[in-house]
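Welcome! Take a moment to turn the structure around on your screen, and then we will walk through it together.

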Amino acid sequence: MKKITTTTLNFLLFISLTFGQNLSQTVRGILLDADNNLPLIGAALVIVGSDPLVGTATDENGKFRLENIPIGRIDLQLTYLGYEDQLLPNIEVNSGKEVVLNLTMQESVVKMEEVLVRASKDQGAVLNDMTLISARAISAEKTERYAGGFSDPSRIVSAFAGVATTNDGDNDIIVRGNSPKYIQWRLEGVEITNPTHFADQNSIRGGVSALNNNLLATSDFHTGAFSPEFGDVLSGIYDVKLRAGNNEKFESTFGFGLLGTDLTLEGPFKKGYGGSYLVNYRYSTISLINDVGLVKIDGVLRFQDAAFKIVLPTAKTGMFSFFGLGGLSNFALEDVKANLFATPGDDPMDTELSEDYDKGSDLANIGMNHTISIGTNSFLKTSLTYSSNGIKEEVFESKTKKIYDSEGLFLQDSILRSRLDYKSKLRNATYRGAVAYHNKLNAKNKIQIGVKYALFDYDYDQSWYQDASDSRFVAADFKENITTVRNYISWKYRWNKELTFVAGLHNMNVLFNDKHTLEPRIAASWKINKSNSLKLGYGNHSKMESIHNYFAKVALEDGTISEPNRDLDLLKANHFVVAYEKRFNKNLMAKLEVYYQDLYNLPVENKDNSYYATINEGTESRYVELVNEGTGKNYGLELTLERFFDNNYYYLINASLFNSKYKTLEGIERNTQYNGNYLVNILFGKEFDNLGKKENKTLALNAKVFFGGGKKILRLLRDEQGNLAVDPTKGQYWDYEK
């Protein structure tokens with residue numbers, strides 16, 4: 001597939017069912033020090049351009065409140081003596097919901113009497129202040145606005161440079177040519193399962209995200225050279241945050257959309273207490289329509305999910321936060337032809353096969369975060385989480401032969417065999433605990449020290465028939481526990497307000513087979529002047545392979561079965577990144593980023609004539625003997641021009657040129673299947689407000705145009721004249737030389 005062109009156009013019409021013109025809302029929140037998490041008392045907050053001037057100051061708890069703010073969009077200016085000023089542009093104020101903000105400010109490294117240091121935080125900058133490069137923040141508003149995102153946090157990241165998805169409707173995330181299975185998902189700062197309905201065992205494919213936009217706050221997305229706190233990851237990190245519920249009044253939202261119909265409830269536990277709850281439930285709209293009999297749909301994708309966040313502040317024991325995300329999904333496809341849809345375990349070239357495919361999956365994540373201040377400059381964060389996901393698949397196979405009479409007229413289909421060909425029941429459960437100590441030594445220095453423990457509990461049962469034989473091959477049959485311990489230390493040093501460094505180490509330990517790493521990380525950011533900046537980053541990273549590879553059952557030549565991969569080592573990579581950024585004004589930015597990823601220690605098949613490497617593994621798993629002797633490289637450049645939303649319009653244009661290669665024991669450099677070579681995204685949108693007789697309606701038009709190289713595939717065998725030369729009787733289909 002050489003080229004894919006997709007054009008998506010979204011028309012969003014927001015109609016406010018109100019009867020008055022003078023609508024207003026409350027804007028409130030809390031303001032904290034970015035480094036020590038303590039409240040800033042007496043900071044000034046002013047609505048830019050308001051006449052008469054509208055503003056307020058934070059109280060002894062860092063809280064602020066602005067009441068009777070007209071609906072529309074506002075810019076909020078934050079100032080505090082000794083801290084860098086911030087400008088928060090285009091905060092949307094609507095009549096249906098209060099605006100609740102959780103803000104932070106950075107202490108200035110420049111101390112001068114009666115002089116304010118002005119340095120606004122750049123739009124798109126990540127929340128994690130220890131990350132300097134290859135990352136950006138994604139607001140819930142963007143996931144709603146950007147065309148082609150379908151309110152799906154997984155799909156929205158494909159709008160950014162260096163990030164792609166496949167062209168088959170899935171919401172997998174391909175970062176800089178890396179496999180989607182190496183993405184790390186996080187919720188509220190802790191690792192979780194792949195939050196996708198209909199996911200496969202490699203976490204590559206999935207149809208619908210279980211994350212609902214109604215609950216999301218601004219989140220961080222990282223694409224390389226990760227800061228020291230992140231480990232067990234090679235590709236990218238999606239650190240999703242849930243917003244807190246309204247802690248002053250009850251609110252409810254009902255939504256009916258293309259993907260799901262949902263209900264959100266939120267409010268305080270009691271008057272005067274700062275705690276709150278937020279809960280959401282969603283059911284797939286298509287299956288709902290099918291269930292009530294409005295439309296009969298074969299093979300409908302059924303899913304439902306729920307999420308919650310509970311915030312419980314205390315006077316002396318810190319802040320407790322409980323959160324959860326769960327989902328169920330299933331579908332059934334009848335009479336699936338093998339040459340049209342590749343079901344697990346089948347022979348994709350046998351057109352005489354017909355299959356019924358049933359699949360069900362579930363996911364559950366529940367956790368607690370606790371944050372408590374220690375003195376005036378440090379705090380301790382503790383996390384406890386449980387995550388699980390399960391996948392059950394069955395493929396019922398029928399092979400038929402057409403019967404004709406002596407004159408060649410079709411008579412009937414003769415069933416040659418009918419059986420349960422492929423069956424798979426997989427269950428992963430993970431128990432995690434983490435402790436992180438944050439200390440703001442002074443305005444220039446901050447350190448983080450952390451330890452993370454994880455216990456993985458696996459229960460796998462997977463088998464299928466081999467070709468047309470009556471022999472069932474058991475590929476995976478194990479119940480195992482694996483424990484990992486990770487440690488890190490990170491130091492942030494601000495030389496002055498222009499030059500910042502972050503350095504540290506990450507330590508990974510797999511206790512199951514006694515594998516260890518010590519991974520150095522360093523990054524620097526230099527603000528050359530008011531509008532130009534240069535950033536550099538390096539990181540050594542490691543990742544465990546998908547668990548089925550460790551316990552794969554491999555048939556030897558003498559017919560015995562072995563598990564040769566239990567001692568498999570970690571995959572490793574060196575990431576190098578250089579970025580130049582130009583800020584033309586507060587709303588217009590251009591960025592050029594160049595990267596190189598040196599991959600090594602890659603698991604490859606232990607044969608000198610095999611092309612197979614696990615980094616190229618797709619939805620169809622292979623069970624072979626592996627050795628950590630493969631290498632790879634991903635390199636490219638990314639160019640972005642972005643105008644942030646202001647004056648009712650925005651645009652985002654980016655282009656990526658990249659290569660993704662690997663080598664096995666055969667010594668031939670091959671494309672990975674994710675080597676699309678180029679990506680181009682063009683997004684733009686315009687809002688028309690003050691429409692209607694009461695001037696209380698808004699029409700929003702958003703569009704996206706995408707060009708990208710397709711996934712690489714193996715070619716069918718052809719002779720020197722270009723004629724098809726496959727031999728089904730010998731199982732010879734593919735040209736492995738190309």
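## The overall picture

How many helices and how many strands make up the secondary structure of the protein? The model, which is predicted, has four helices and 41 strands. Its radius of gyration is 27 Å, close to the 27 Å that the globule rule gives for 738 residues, so the protein is as compact as a globular protein of that length. If you lay a box along the principal axes, the C-alpha trace spans about 95 × 60 × 50 Å.

Now for inside and outside. Of the 738 residues, 52% count as buried. The accessible surface comes to about 33,700 Å², and carbon and sulfur atoms hold 56% of that area. The chain also brings together residues that sit far along the sequence from one another: among contacts with a separation of 6 or more, 64% are between residues 24 or more positions apart.

## How confident is the prediction?

Since this is a predicted model, it helps to look at the confidence score. The average pLDDT of the protein is 86, and 90% of the residues score at least 70. Which elements have the lowest and the highest mean pLDDT? Strand β1 (residues 4-15) has the lowest, at 40, while strand β33 (residues 571-583) has the highest, at 97.

Two stretches deserve a careful eye. Over residues 1-20 the pLDDT is below 50, although this stretch has 54 contacts in the model beyond near neighbours in sequence. Residues 113-120 also stay under 50, and for them the model has 15 contacts beyond four places in sequence.

## Charged pairs

Side chains of opposite charge can pair when their charged atoms come close. In this protein, the count of salt bridges comes to 40. One of them joins the side chains of Glu 266 and Lys 97, with 2.8 Å from N to O. Glu 266 belongs to strand β19 (residues 260-268) and Lys 97 to the loop between β7 (86-93) and β8 (99-105), so this salt bridge ties together parts that are 169 residues apart in sequence. Are the two partners buried or exposed, or something in between? Glu 266 has a relative accessible area of 2% and is buried, whereas Lys 97, at 25%, is partly exposed.

A second salt bridge pairs Glu 545 with Lys 181, and their closest N and O atoms are 2.7 Å apart. Here too the pair links distant parts of the chain: Glu 545 is in the loop between β30 (532-543) and α4 (547-550), and Lys 181 is in the loop between β11 (174-175) and β12 (183-187), 364 residues apart. Glu 545 counts as buried at 4% relative accessibility, and Lys 181 counts as buried at 7%.

## One more pair, and a network

Arg 622 and Glu 605 form another salt bridge, this time with 3.5 Å between the closest N and O atoms. Arg 622 is in the loop between β34 (588-605) and β35 (626-646), Glu 605 is in strand β34 itself, and the two are 17 residues apart. Arg 622 is partly exposed, at 29% relative accessibility, while Glu 605 is buried, at 7%.

Salt bridges can also be found joined up. Arg 28, Arg 65, Glu 67, Glu 98 and Glu 248 are linked in a network of them.

## Two residues to visit

Start with Glu 141, which you can find in helix α1 (residues 140-145). With 26% relative accessibility, Glu 141 counts as partly exposed. Which residues does Glu 141 touch, leaving out those up to four places away in sequence? They are Arg 73, Asn 90 and Glu 92. Measuring from C-alpha to C-alpha, Glu 141 is 9.5 Å from Ser 151, which is 10 residues away in sequence.

Next, go to Asn 681 in strand β38 (residues 678-691). Asn 681 is buried, with a relative accessible area of just 1%. A polar atom of its side chain lies 3.2 Å from the backbone oxygen of Ser 158. Beyond its neighbours within four places in sequence, the contacts of Asn 681 include Ala 159, Phe 160, Leu 652, Asn 654, Lys 704 and Phe 706.

Conventions:
Residues are numbered from 1 along each chain as its sequence is written. This is a predicted model: local features need pLDDT of at least 70, side-chain atom pairs count only at pLDDT 80 or more; totals for chains, interfaces and linings use all residues. Side-chain values use heavy atoms; hydrogens and water are left out. A salt bridge is a side-chain nitrogen of Lys or Arg within 4 Å of a carboxyl oxygen of Asp or Glu. Buried means under 20% relative accessible area, exposed over 50%, partly exposed in between (1.4 Å probe, protein chains only). Contact means heavy atoms within 4.5 Å. pLDDT is the predictor's confidence in each residue, from 0 to 100. The radius of gyration is taken over C-alpha atoms; the globule rule is 2.2 Å times the number of residues to the power 0.38. Accessible areas come from the Shrake-Rupley method with a 1.4 Å probe; for residues, only the protein chains shown count as cover. A polar contact is a pair of N or O atoms within 3.5 Å; within protein, one must be able to donate a hydrogen and the other to accept it, and residues adjacent in sequence count only if both atoms are side-chain atoms.
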